[in-house]
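Thanks for making the time this morning. I would like to take you through one chain, starting with its outside and working inwards, so please keep the structure in view while I talk.

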Amino acid sequence: MKKWLPLVAVLVLTACSSSGDGKTYYQLPQSSSPAMQAVSQPGTHLLWVDQVAVQDYLAGNGVVYQTSDVQYVIATSNLWASPLDQQLRNTLVSNLSSALPGWVVASQPLGNDQDTLSVNVTGFHGHYDGKVIVSGEWLLNHQGQLIKRPFHIELKQQADGYDSMVKTLAQAWQQEAQSIASQLTRIN
C-alpha cells in the first residue's frame, strides 16, 4: 500500500493543478518563415505600424461569432491568449516584414523619413454561414500624403470549431497584409 501512496499523491496534485475551468486560449499563428529585416540604409523604406485598433465588441477576451444578421456571441470559454489588437499588430508587422523585402517594418517609430500605417479593424469574427469575416480600413501617411483604403475579406472555414475559425481568421489577416504590401510597393 505504501508503494502506491506517492503515485496517488502525484495524481491528486496533477488533477488539482490542471485547468478544470473548460477555457481554451487562442493565439494567432505567426508566419512560418521568420522575416529578415533590412538594416536601415539610405534609400531603405521605413514603415511604422502605429496602431491596430479593434471595435469594442472585438476588444474583450472572447472570440466573437456572428449567429445571425444582427446577433453576435462573445465566447466565454474560447478566449484570446493576449489582447486581440496586440496579436493583430504583431502578426501584421511580421507578415509585412516577410512581404516587403528590403523594408524595415516595426511597431516602434523609426525616425522622420518613415511611412506610418494605422489600421482600424471592424470585423474579425466567425459567421454562421461557415465563413470568417475580416474587415476594416487602413490609413497610410506617406510623405505627408494620406491614403485610406477599406478592406473586407470573407474566407470559408475548412472545418467546424474554434481552432479552424482562428486559423482561417489568421489566413484572412495574412491575405490583407499581402494586399497592403502590394499597395505600398505601388506607392513607393
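How much accessible surface does the chain have, and what share of that surface belongs to carbon and sulfur atoms? Bearing in mind that this is a predicted model, the accessible surface comes to about 10900 Å², and carbon and sulfur atoms account for 53% of it. Of the 188 residues in the chain, 39% are buried.

As for the overall layout, the chain holds three helices and eight strands, and along the sequence they follow the pattern α-β-β-β-β-α-β-β-β-β-α. If we take the contacts between residues at least 6 apart in sequence, 67% of them join residues that are at least 24 apart.

Let me turn to the middle helix. Helix α2 covers residues 84-99, and because 16 residues at 1.5 Å a residue should span 22 Å, the 22 Å between its end C-alpha atoms agrees with expectation. Its buried residues include L84, L88, L92 and L96, but also Q87 and N95, and the buried residues of this helix pack against β1, β2, β4, β5, β6 and α3.

That brings us to the interior. The largest nonpolar core has 40 residues, and those with the most contacts inside it are L92, L96, L117, F124 and W173. Among the elements giving two or more residues to this core are α2, β6 and β8, while α3 gives the most, with ten residues. To look at one of these residues in detail, F124 touches, beyond its sequence neighbours up to four places away, a set that includes L84, L88, W80, I133 and W173.

Technical notes: Residues are numbered from 1 along each chain as its sequence is written. This is a predicted model: local features need pLDDT of at least 70, side-chain atom pairs count only at pLDDT 80 or more; totals for chains, interfaces and linings use all residues. Side-chain values use heavy atoms; hydrogens and water are left out. Helices (H or I, at least four residues) and strands (E, at least two) are DSSP runs, numbered from the N terminus. The expected span of a helix is 1.5 Å times one less than its number of residues. Buried means under 20% relative accessible area, exposed over 50%, partly exposed in between (1.4 Å probe, protein chains only). Contact means heavy atoms within 4.5 Å. Accessible areas come from the Shrake-Rupley method with a 1.4 Å probe; for residues, only the protein chains shown count as cover. A nonpolar core is a set of buried Ala, Val, Leu, Ile, Met, Phe, Trp, Tyr and Cys residues joined through side-chain atoms within 4.5 Å.
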